[in-house]
Amino acid sequence: MTLAIIVQARFGSTRLPGKILNPLGEKTALARVLDRCARIPGADRVVCAIPDTAADDAVADAAGAAGYTVSRGSETDVLSRYAKAARDCGADHVMRITSDCPVIDPVICGRVIDLLRENRADYACNNMPPLFPHGLDCEVFPAVLLHQADRLAKTAAEREHVTPWLREHPHLHHACLAGPGQGLERLRWTLDYPEDLAFFQAIFAELGEAAATVSAAELAALCLRRPDLVAINANRHNAARLETAQQAETASAPYRFRVAA
């Protein structure tokens, strides 16, 4: 299959404007995400899906300067932006990753892709329920179903968040890669707030350029050894993450998610 890793990115953020253009070591946070996506086993291309607005020209320039293909579409209808990006690059399968995940793990993403293939699933992910550290989320599905969702999804939430129609469709075959749990899901490895940026900058200060390729297991081990690093962004937002995990665990049952180790 022709697999495109499509990374949604935008400049606007009420919590931390321009967050993905901040430096992490020698590169921007956006470049860190894209570079990791390029290392996902089975990935044929990496595309950055960006709003077609003047405010996002800087993001498009940064992605292009890092050597990646850019597709531009609707700012608010992110589902249509994804469908357009998939058409632009001729993908027949799509993995969705967001640009606020500077330590997305290529190996874990590869395992989710394998899960889709091995189970002949219509949709596979690693966050139903979310038992990996927050910031490792990925989901993969055939492009034909993405285009079907683009035609049929109606609600604002379905259009903005891309995959609710796929996740909640009762007749599709879903699969989920089981996360480690055991409290590791409380770790916050996503870039949303100033504290998160400080956390990632501390990781790069600690590891140097090795942080660019650190695995999830290695980073988890570092966090367990260094609670001072975890404390940088261990705030009230983690409580919301745990509540979301509990809700997802309950909600996923009707949609026949098969959880696999």
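Strand β8, which spans residues 139–142, is covered on both of its faces, since Glu139 and Phe141 on one side and Val140 and Pro142 on the other are all buried. The model described here is predicted, and β8 runs antiparallel both to strand β6 and to strand β7. Beyond these strands, the points below turn to a helix and to the aromatic rings.

**Strand pairing around β8**
- Strand β6, residues 93–98, is joined to β8 by four bridges in an antiparallel arrangement, and within this pairing histidine 93 has proline 142 of β8 as its bridge partner.
- Strand β7, residues 123–125, is joined to β8 by two bridges, again with the strands antiparallel, and here alanine 124 has valine 140 of β8 as its bridge partner.

**Aromatic pairs**
- The structure holds two aromatic pairs, one of which is formed by tyrosine 123 and phenylalanine 141 and is stacked, with 6.3 Å centre to centre and 5 degrees between the planes.
- This stacked pair links distant parts of the chain, given that tyrosine 123 lies in strand β7 and phenylalanine 141 in strand β8, 18 residues apart; both tyrosine 123 and phenylalanine 141 are buried.
- Phenylalanine 199 and phenylalanine 200 form an edge-to-face pair, with 5.3 Å centre to centre and 65 degrees between the planes, and both of these residues are likewise buried.

**Helix α1**
- Helix α1, residues 29–38, is largely enclosed by the rest of the structure, because eight of its 10 residues are buried.
- The buried residues of α1 are Ala29, Leu30, Ala31, Arg32, Val33, Leu34, Arg36 and Cys37, a list that includes the two arginines Arg32 and Arg36.

Key:
Residues are numbered from 1 along each chain as its sequence is written. This is a predicted model: local features need pLDDT of at least 70, side-chain atom pairs count only at pLDDT 80 or more; totals for chains, interfaces and linings use all residues. Side-chain values use heavy atoms; hydrogens and water are left out. Buried means under 20% relative accessible area, exposed over 50%, partly exposed in between (1.4 Å probe, protein chains only). Two strands pair if DSSP finds at least two bridges between them. Rings of Phe, Tyr and Trp (its six-membered ring) pair if their centres lie within 6.5 Å; planes under 30 degrees apart count as stacked, over 60 as edge-to-face and the rest as tilted.
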